[in-house]
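Here are my notes on the model you sent over. Have it open while you read, and shout if anything looks off.

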Amino acid sequence: MRFPRYEIREDIQIRKLISCYYFELSKNYKYAGEKHDFWEIYYVDKGEIEIDTDFGHFNLKQGDLLFHEPDEFHSPKSNGKVSPNVFVVTFECESEPMSFFLRNKLFHLGEKEKLVLTHLMEEGWNSFGPSPLGSGRILYPREDAPFGSEQLFKVHLETLLIHLIRTGYEEQKVTPTPVPRDNQESGAADKIIKYMNEHLGDNLTLDDLCDQFAIGRTQISIMFKKRVGCGVIEYMNQLKIDRAKMHIREDVYNLTEISELLGYSSVHYFSRHFKKATNMTPSEYAKTLSRGYRRITR
C-alpha cells in the first residue's frame, strides 16, 4: 500500500541572512543612521536605547524588540544614562505574512519568545565568527561550527517570527501550554540569581547561598546546571564581569572603585579576573568603547 505524502506548508521562509551581532554599547553611543533593502530586528537584552525611524521615535527597554522593514531609515542612540546591550539580526524574507510587521513594529517579548531568542543568540555564536579578511559585519561561517547550526539559527528565527505574528492576532486562540513542575525549580533558581545580583560585592560562597535559601549543595548545583548551564560560583563570576562591564560603560566609577564595589581584594586581582573572562583588561575594554560598539566574543 502506498501512503500519500503530505507537503508541509511553510508560512515563513528565510533563505538569506545579512548580519547577526550582539553589541555592548556605551551610555553615550550614537549612530547617524542607515537604511537598507532587507529586514532588521533590534532587541534590547539589557538597559535602554532610543531609536528614530521613518515611523516615529521609540524608547526601547529591556525585553523590547523593534522591527525595521526594508528601506526604513533608523538611527539608534543611548540615552546618556544607561549602557545597553542589544542583539541585531538582518535578513531577507519575501513571505507574505511579513506584511504583519509593516503595521506592528514594537514588541515586548514574553517568556516563550525570550527563550526562542536565547536559542537564536546561541546558534548565532555557533554558526558565525569573525572574517579572516576583516570584512566588518559580513557573516562568515565558523570552521568548527556544530552540525546543523546554521539551519537551527534559521529555524529559531522563523519560530520567533511565527510566535510574534500569532500573539499579534487576537482572533487566533492558542491553547496555553501547561506549566511543567520544572518551572518551580526554575523559579527558585531565579530567586537565588536575584539575590546574587543584589550582593555581588559580598563575596558569597556556595554555603552562604545554601544557608540563605535552606537548600543542599548538591540540589543547588543541579538546579543551576539545568537553569543556566554552569555551576553556581562560575555563574556568579559571570555576573560580576557583566556588572563590571556595565560600570565601565557608564563611566561613573574608576577601576579601583569598581573592583571595591564587586568585592575584589585589589584592582590588580580584578584586572586579572576580567582579562581571564574577556581576553582583555578593563582598560582595554574601555578603549573599545570609543568606537561606540563592540562585537561580543567568547
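The points below go from the whole chain to the sheet and then to a spot on the surface.

1. First, a reminder that we're looking at a predicted model. DSSP-wise, the chain carries ten helices and eight strands.

2. On packing: of the 298 residues in the chain, 42% are buried. If you take contacts with a separation of 6 or more, 71% of them join residues 24 or more positions apart. The accessible surface of the chain is about 17700 Å², and carbon and sulfur atoms hold 51% of that.

3. Now the sheet. Five strands make an open, antiparallel sheet, and their order is 1-7-2-5-8. Strand 1 (16-24) and strand 8 (106-108) sit at the edges, each pairing on one side only. On average, neighbouring strands here are turned by 15 degrees against each other, ignoring direction.

4. What does strand 8 pair with, and over how many bridges? Its partner is strand 5 (residues 64-68), in the antiparallel sense, over three bridges. If you want a residue pair to click on, D64 stands opposite H108 in strand 8. As a general reminder, strands of a sheet pair through backbone hydrogen bonds, either parallel or antiparallel.

5. Last, the surface. V252, Y253 and L261 make a nonpolar patch of about 280 Å². Where is V252? Look in the loop between helix 7 (232-250) and helix 8 (255-261). V252 counts as exposed because its relative accessible area is 56%, and the cut-off for exposed is over 50%.

How values were computed:
Residues are numbered from 1 along each chain as its sequence is written. This is a predicted model: local features need pLDDT of at least 70, side-chain atom pairs count only at pLDDT 80 or more; totals for chains, interfaces and linings use all residues. Side-chain values use heavy atoms; hydrogens and water are left out. Helices (H or I, at least four residues) and strands (E, at least two) are DSSP runs, numbered from the N terminus. Buried means under 20% relative accessible area, exposed over 50%, partly exposed in between (1.4 Å probe, protein chains only). Contact means heavy atoms within 4.5 Å. Accessible areas come from the Shrake-Rupley method with a 1.4 Å probe; for residues, only the protein chains shown count as cover. Two strands pair if DSSP finds at least two bridges between them. Axes are lines fitted to C-alpha atoms, for helices over the stretch in contact, and angles run from 0 to 180 degrees between N-to-C directions. Patches are made of residues with over 30% relative accessible area and no salt bridge: like charges are joined within 9 Å, nonpolar side chains (Val, Leu, Ile, Met, Phe, Trp, Tyr) within 5 Å. A salt bridge is a side-chain nitrogen of Lys or Arg within 4 Å of a carboxyl oxygen of Asp or Glu.
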